[in-house]
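Have the model open in your viewer and keep the selection panel handy. We will go from the whole chain down to single residues, one stop at a time.

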Amino acid sequence: MSDEPQPQPQPQQQPEKGWAPRKPLAADAKKSGRTGWRRLVPTWRMVLGGFLVAAVLVVGGFFLGYHLVQIPAANALATQQANVYLYADGSVIARDGEVNRENVALSQISQDAQHAVLAAEDRDFYTESAVDPQAMVRAAWNTATGKGRQSGSTITQQYVKNYYLRQEQTVTRKVKEFFISIKLDREQTKDQILEGYLNTSFFGRGAYGIQSAAHAYYGVDASELDAGRAAYLAALVNAPSQYDVITHPENRDTVEDRWNYVLDGMVAEGWLEASERAGMTFPMPQRTTLSTSLSGQRGYIVNVVKDHLVSEGVVDEAALDTGGYRITTTLQKDKQDAFVDAVNDKLMDRLDKKNRKVDTYVRAGGASVDPRNGKVVAMYNGIDYVKQYTPNATRRDFQVGSSFKPFVFTAAVENGSRTQDGRPISPNTVYDGTSERPVQGWSGRYAPENEDHRDYGNITVREATDKSVNAVYAQMAVDVGPDKVRRTAIDLGLSEKTPSLDDAGPSIALGVATASVLDMAAAYATLANHGEHADYTMVEKVTQNGENVELPERTTRQAVSRQAADTTTAVLRGVVESGTATAAQTAGRPAAGKTGTAEEDTAAWFAGYTPDLATVVAVMGQDPETAGHQPLYGAMGLPRVNGGGAPAEIWGQYTRHALADEPVKSFDLRLQPGAWKTQPPPGDSSTGPSEPGDDDYDTPGDEDTGEEPTGPDESEPTQDSTDGGGTGDSTGGTGDDGGTTEGGPATGGDGANSDDDTGPGGLTGTLTQHGRRDLW
């Protein structure tokens, strides 16, 4: 044995805690049987696990999104609608609102229109779910691969986008659209969703909703759309601006392809007969559509009707601002057009604004009322709402002048008034017509001058009316009492708020009040309707979203007695036949009326009526820069503008056309008892003052009251069926309007017109009573 020390065995090194030797990869692969590329493929356990995790995430995400995404309130744009204003015949006047939309019920949309939209956008709408994931994926793929941006949305999804969301193309919006569509499909019926979709879709030409689109392209309601026109509107939804073949004729072929696609779809779905489809040709939309802007008369009408609705308590301003109202007015389109034409022909076309500064001041206002029911059938407010925004038919800042005088006479008859010396006031009452004669019986001094300072001496009321003698009517106002005159004017139709109507004193007779043209038309309509008054109205029907809005109950009342109104009418007939308004005879009908001129000739008026129509026309002077009132001396190249000029001429032309289809009617009048009797002049020594009830006038014989007429003639006069209302005066003169007072032909010993005396259109000028003819 060797003496050298032997090496000691080393203790075996233990591995660190938690460490294990890595087996060779080859050994692992060998053990698992997966070598090479196979080791990169996940196992079935991994696939199943991943699928389960994904399923849990998808389902969980769906339920989470379904519960988190709520159906929001509608966006502001989707709820905005226009208020639609219509003529009495249903044709559109204007649409008022930022968004041209008029919602209608599905029942108000033709079946062809419903089917056409379904054929174009979603043929399986009624049978499939609210969303179509396959179509969404297909649309996304086509968009991504450059085949054009496409929509995979169902009608429900498009409605959700239009009504609840915005139009931006974002993932967030698409996710919300998806979940809201599913919820909406559970909460609303298919019909409700389709109705909403058709009311919110954009069709181009500023039209939102199929009702507005039907008007914009074809001028009809959605209920009137046939298959051909409906198919074109349905095609527009795909590309509203590009598919308008009027503005983009170069796209006609593309549009027709889309139109054919829609019609073929309708046939395929059984919504359209193949035989009907075969005979169809492309329905070109209107090249020019009815403007729905506020230019021309439209803006005036919209604002005047709005004010009327608010003042009558039908709706308030806030409600109107929300839109959705369909307002059928009483305005008649043919009469409205006739009014505009008459103003243009007789006034506007005669102006030379470049060479005459005064012509730049000229404004016109007019209103026409049916006396039987108070309906406003036409208005003229100005040349263009976007140029002159003040409505001249309803403004109350110009004096009405002598067109107020008939109210004084009506008040006299209504109240049985007498002169200062006790004579009853009638058409034949004689007054002193001396210019600047101080009125009697008034505490203050008032001495009005006549036109051109003309003195008339003793003159009857009917002659003073023909010639518009201020001295006579100022005295008559005192004889009646200014308060009674005011009350009668209001009863006839003037507003109690009329400026300068209170405390006017004797000057009330000369028309210092500043009533509106429309108020004056309402008052004259009461005279035309034998004293029976119906408050004027401009609205026939109002609906909101298809539901009727209640209108105030309309009533009529006897504002003044029939005798008071009819006797005034008889007097006013002379103004047209031989007084200051002979230009109104161009109407070719029996007519009554009165001219008027404001102080300093800042306005000229003619207020007149036939048995069927009461119309008032005013020509006003206003500086376009300062809005101040201006005299009209020299306007149209004339020395002055008076009521017997342009206003009466406008009235005549308008009335002739407005009543062209109506038979000519005569006035049926019941006059003040003894109205035809001659009276002595004031202060005549042969007769003293009459005491009340002590005159020799006939007692009223009114068939309405059943009273029997008494007195020497045993009956009161009635208007002859051919009466033209001539006065028969043989003297001429100038009225307050500068018009010539032409004398009527006087024949026979008593100055009466014969049966052969006729006015324009063969109208005679007689009043008959027991075979006797008296002039007035």
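Start with the whole protein in cartoon view: it has 22 helices and 20 strands. These are DSSP runs numbered from the N terminus, with helices (H or I) of at least four residues and strands (E) of at least two. Numbering of residues begins at 1 along each chain as its sequence is written, and side-chain values use heavy atoms, with hydrogens and water left out. This is a predicted model, in which local features need pLDDT of at least 70 and side-chain atom pairs count only at pLDDT 80 or more, while totals for chains, interfaces and linings use all residues.

**Colour by confidence**

Now colour by pLDDT, the predictor's confidence in each residue, from 0 to 100. The mean for the protein is 80, and 72% of its residues reach 70 or more. Select residues 147-151, where the pLDDT is below 50; beyond near neighbours in sequence, this stretch has nine contacts in the model. A contact here means heavy atoms within 4.5 Å. Then select residues 685-776: pLDDT stays under 50 there too, and the model has 222 contacts beyond four places in sequence for them.

**Colour by burial**

Next, colour by relative accessible area, calling a residue buried under 20%, exposed over 50% and partly exposed in between (1.4 Å probe, protein chains only). Of the 776 residues in the protein, 52% are buried. Among contacts between residues at least 6 apart in sequence, 70% join residues at least 24 apart.

**The cores**

In soluble globular proteins, nonpolar side chains tend to be buried together. A nonpolar core is taken here as a set of buried Ala, Val, Leu, Ile, Met, Phe, Trp, Tyr and Cys residues joined through side-chain atoms within 4.5 Å. Which residues have the most contacts inside the largest core? Show Leu-347, Phe-404 and Met-476, which hold that place in a core of 127 residues. Helix H20 (residues 517-528) gives the most to this core, with nine residues. A second, separate core has 46 residues, including Leu-118, Ile-210, Val-255 and Leu-263.

Zoom in on Leu-347. Apart from neighbours within four places in sequence, Leu-347 is in contact with Ala-342, Val-362, Ala-364, Val-619, Met-636, Ala-646 and Ile-650.

**Two helix pairs**

Select helix H9 (residues 210-218) and helix H10 (residues 227-236), which pack at about 110 degrees with their axes 11 Å apart. Because of that angle, H9 is roughly perpendicular to H10. Axes are lines fitted to C-alpha atoms, for helices over the stretch in contact, and angles run from 0 to 180 degrees between N-to-C directions. Angles under 35 degrees count as roughly parallel, over 145 as roughly antiparallel, 65 to 115 as roughly perpendicular and the rest as oblique. Show side chains to see Ile-210, Ala-213, Ala-214, Tyr-217 and Tyr-218 of H9 meet Arg-229, Tyr-232, Leu-233 and Leu-236 of H10.

Move on to helix H16 (residues 405-414) and helix H21 (residues 562-578), whose axes come within 8 Å and cross at roughly 140 degrees. That makes H16 oblique to H21. At this interface, Pro-406, Phe-409, Thr-410, Val-413 and Glu-414 in H16 meet Gln-563, Ala-564, Thr-567, Thr-568, Val-571 and Leu-572 in H21.

Stay on H16 and ask how many of its residues are buried. Nine of its 10 are, so the helix is mostly covered. Display the elements that cover them, among them H17, helix H18 (470-480), helix H19 (482-492), H20, H21 and strand S14 (592-597). Just after H16, find Gly-416, with a positive phi near 60 degrees.

**Single residues to finish**

Select Thr-465 in helix H17 (residues 461-466). Is Thr-465 buried or exposed? Its relative accessibility is 1%, so Thr-465 counts as buried. Not counting residues up to four places away in sequence, Thr-465 touches Tyr-473, Val-571, Leu-572, Val-575 and Lys-594.

For contrast, go to the loop between H19 and H20 and pick Asp-503. Asp-503 counts as exposed at 79% relative accessibility, and its phi is positive, about 55 degrees, although it is not a glycine. Glu-600, in the loop between S14 and strand S15 (603-609), also is not a glycine and has a positive phi of about 60 degrees. With 58% relative accessibility, Glu-600 counts as exposed.
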